[in-house]
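Biologist: Could you take me through the part of this model around the ligand, slowly and in plain words? I'd like to know what sits around the ligand and where the polar contacts are.

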Amino acid sequence: MLLKGKRALIMGVANKRSIAWGIAEAFHREGAELAFTYQSERLKENLDELLDTIGGRNRFPTYPGDVTVDDQLDAIFGDLKDRWGGLDALAHCIAFADRDDLARPLNEVSRDGYALTLNVSAYSLLAITRRAASLMTGGGSIFTLTYNAVERVVPGYNIMAIAKAALEAEVRYLASELGVGGVRVNAISAGPLKTLAGSAVKGISKLRDVTAEMAPLRRNITIEDVGDVAVFLASDLSRAVTGNTIFVDSGFHVMGMASMPTAT
Ligand code: NAP
């Protein structure tokens with residue numbers, strides 16, 4: 001029960017394959033009190049059905065949470081303040097790029113496509129952290145999800161790599177700004193997973209094949225692998241860890257460029 005007494009908000013459950021759901025199950029197992037956001041009414045039913053598997057939909061507060069809508073974000077954190085009086089952990093598991101933009105060479109991405117991708121996938125961490133940190137009066141843990149395509153080129157990741165570069169820089173700056181109040185900010189860099197978002201990346205199957213063949217642990221990761229590391233980040237075990245990126249990728253990040261597949 002590593003998270004007993006911790007109040008956690010999980011953002012980004014789309015379905016049972018979502019990384020956010022792996023985190024939710026691990027947090028539930030470890031005794032955390034949980035609340036969730038969903039992007040659209042269409043996804044609320046999915047979320048409710050999943051919550052029924054961990055104790056019942058009525059047991060958990062759920063909120064509409066399109067991260068581009070400030071009023072929705074204000075409502076979430078306003079309600080959590082009234083309900084819980086504070087917050088201990090926040091999982092930001094959100095990213096979006098238009099499929100066409102993701103498939104385009106970077107130099108052909110439109111101004112609007114760039115703005116949308118960065119708004120949802122990177123600015124959202126700032127908008128959410130500002131509100132969450134104000135509830136973390138006794139300290140807390142905020143973490144996001146990134147992918148190891150920032151300092152090396154991963155064919156097919158294109159515009160999302162630029163969003164992740166911004167996101168990773170945000171983690172370091174936020175950690176520096178919020179550390180004095182005991183709020184820690186970290187990232188988990190996950191290996192390739194066939195989630196809704198992951199499947200939009202052309203070449204993800206190849207990336208998984210190469211991971212299984214060449215990563216030090218010779219296997220692909222699961223959402224449970226990510227969930228367990230998220231437990232560590234939300235728990236007091238990581239009390240001196242901030243501004244970090246933890247790789248949950250079977251060690252693939254230590255491999256050289258020669259191991260990268262092409263996107264075709
Ligand atoms: P996922 O299940 O598709 O989750 C992505 C979530 O982002 C969905 O719930 C999606 O909702 C939500 N979202 C998109 N636009 C939003 C908006 N405007 N407001 C609020 N939520 C919005 O895929 P995932 O792989 O678990 O992704 C979670 C995080 O892990 C992402 O940051 C992703 O980049 C990162 N990551 C994934 C992999 C991978 O290989 N899958 C690897 C490393 C890192 P909708 O479905 O309604 O759009």
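Modeller: Sorted by class, the shell around the ligand has 18 nonpolar residues, eight polar ones and three charged ones. Keep in mind that this is a predicted model. Of the 29 residues around the ligand, the ones that come nearest are S18, Q39, L43, L193 and T195.

Now for the polar contacts. Q39 puts a polar side-chain atom 2.6 Å from an oxygen atom of the ligand. K164 also uses its side chain: one of its polar atoms there lies 2.8 Å from a ligand oxygen atom. V67 works through its backbone instead, with an N or O atom 2.9 Å from a nitrogen atom of the ligand. As for cover, the ligand taken alone exposes 880 Å², and the protein buries 93% of that.

The space that the ligand takes is the largest pocket. Which elements give two or more residues to the shell around the ligand? They are α2 (41-52), β5 (140-146) and α7 (196-199). The largest share, three residues, comes from α7.

There's also an enclosed space to look at. The count comes to one cavity of 30 Å³ or more, and the largest cavity has a volume of about 60 Å³. Its lining includes Y147, N148, R152, D249 and F252. By class, that lining has four nonpolar, four polar and two charged residues. How do you find such gaps? Rolling a probe the size of a water molecule over the atoms shows where empty space is left.

Key
Residues are numbered from 1 along each chain as its sequence is written. This is a predicted model: local features need pLDDT of at least 70, side-chain atom pairs count only at pLDDT 80 or more; totals for chains, interfaces and linings use all residues. Side-chain values use heavy atoms; hydrogens and water are left out. A residue is near a molecule or strand if one of its heavy atoms lies within 4 Å of it. A polar contact is a pair of N or O atoms within 3.5 Å; within protein, one must be able to donate a hydrogen and the other to accept it, and residues adjacent in sequence count only if both atoms are side-chain atoms. Accessible areas come from the Shrake-Rupley method with a 1.4 Å probe; for residues, only the protein chains shown count as cover. On a 1 Å grid over the protein atoms alone, a cavity is a set of points where a 1.4 Å probe fits but cannot get out, and a pocket is an open set with protein on both sides within 12 Å along at least five of seven lines; lining residues have an atom within 4 Å of a point. A molecule sits in a cavity or pocket if more than half of its atoms lie within 2 Å of its grid points. Helices (H or I, at least four residues) and strands (E, at least two) are DSSP runs, numbered from the N terminus. Ala, Val, Leu, Ile, Met, Phe, Trp, Tyr, Cys and Pro count as nonpolar, Asp, Glu, Lys and Arg as charged, and the others, Gly among them, as polar. Grid points are joined across faces, edges and corners, and a volume is the space filled by probe spheres set on the points.
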